[in-house]
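Here is a short round of questions on a sheet and a helix that packs on it. Keep the model open as you read.

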Amino acid sequence: MKKTLALVLTAALVLLTFAACGSSTAPAATEAPAAAETPAAEEAAPAVENVKLTVGASSTPHAELLEIVKPALAEQGIELDIVIYDDYVLPNTALQDGTLDANYFQHTPYLNSFNAQNGTDLVSAGLIHYEPFGIYSQSVTDLAELAEGATIIVPDDDSNQTRALLLLQQEGLVELPEGASVDTGVTLLDIVDNKGYNVQAVQADAVPSLLANSDAGTVAVINYNYALGAGFKTSDALAIEDASGDAAQTYANIIAVRRGDESRSEIQALVAALQAGAVDAYNEQTGAGIVAIK
């Protein structure tokens with residue numbers, strides 16, 4: 001009888017032990033999912049990271065305009081990295097090979113000519129400003145004083161040479177074929193009458209330095225960014241393009257990108273920032289006289 005009672009008591013103790021073990025593990029089982037939810041919630045919150053936008057530009061006025069919008073872009077989480085170039089070829093090759101996200105130095109006719117010659121597929125993401133093309137000199141103060149046989153220096157690339165020759169024709173310094181236009185394009189070989197002047201074409205970025213070291217009486221047609229870099233302003237020009245026509249739209253300086261990138265949000269933000277008063281602010285600071293495209 002005693003043995004039977006002992007066995008019953010032993011069995012009861014075993015059952016109580018198992019029950020106690022079960023109650024201690026139950027809370028752990030219910031707590032596990034709650035602990036697993038915390039990392040999942042953290043992963044769902046996107047990390048805030050700055051986007052870096054690398055843009056190539058001519059030093060004046062393009063890089064200076066980009067500096068103006070840099071703080072506004074930073075507020076949108078866009079870090080603007082400006083790379084300065086002093087020619088018109090490298091910024092496009094760097095854009096094509098992916099070194100740059102965009103560039104800012106050229107107008108659409110030049111871009112179209114570059115694409116045709118180099119097999120690239122770069123496009124405009126937006127028009128920003130127009131720089132009046134002008135005729136400048138270190139010594140001549142009036143084109144009426146230009147002596148017979150004087151040297152006239154113009155850029156040698158297709159689009160800007162056409163533009164320069166059309167300006168020279170506007171001022172009666174050369175005669176071009178009937179119907180000469182931006183669309184048809186003209187070169188020195190197309191000049192019908194040079195009016196006795198010596199018209200020479202050199203690389204666009206070399207025009208100001210060649211003018212500075214030329215004989216007295218020489219004039220030059222200079223891209224305005226290079227004119228600004230050489231210390232000229234619009235008011236110094238002996239003549240400028242008639243901006244009342246199509247020139248402002250045709251020769252508006254653009255943000256250029258690889259095709260397909262024009263829809264990137266950071267590119268659109270860059271264009272919007274430049275179009276939102278940067279040109280007016282630049283003119284107020286410098287008196288440069290470039291024209292904002294509205």
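Q: Which residue in β7 stands opposite proline 155?
A: This is a predicted model, where local features need pLDDT of at least 70, side-chain atom pairs count only at pLDDT 80 or more, and totals for chains, interfaces and linings use all residues. Residues are numbered from 1 along each chain as its sequence is written, and side-chain values use heavy atoms, with hydrogens and water left out. Strands (E, at least two residues) and helices (H or I, at least four) are DSSP runs numbered from the N terminus. Opposite proline 155 in β7 is valine 202.

Q: How many bridges join β6 to β7?
A: Strands pair if DSSP finds at least two bridges between them. β6 covers residues 151-155 and β7 covers residues 198-202. They run parallel, and the bridges number 5.

Q: Which strands are the edge strands of the sheet?
A: The open sheet has 5 strands with mixed pairing, in the order β7-β6-β8-β5-β9. An edge strand here pairs on one side only. That gives β7 and β9.

Q: Is arginine 163 buried or exposed?
A: Arginine 163 is found in helix α5. Buried means under 20% relative accessible area, exposed over 50%, and partly exposed in between, with a 1.4 Å probe and protein chains only. Arginine 163 has 4% relative accessibility, so it counts as buried.

Q: What distance separates the backbone oxygen of glutamate 131 from a polar atom of the side chain of arginine 163?
A: Arginine 163 touches several residues, including Tyr130, Glu131 and Glu241; contact means heavy atoms within 4.5 Å. For the backbone oxygen of glutamate 131 and that side-chain polar atom, the distance is 2.8 Å.

Definitions and conventions: Polar contact = N/O pair within 3.5 Å; in protein donor to acceptor, adjacent residues only side chain to side chain. Lists of a residue's contacts leave out its neighbours within four places in sequence.
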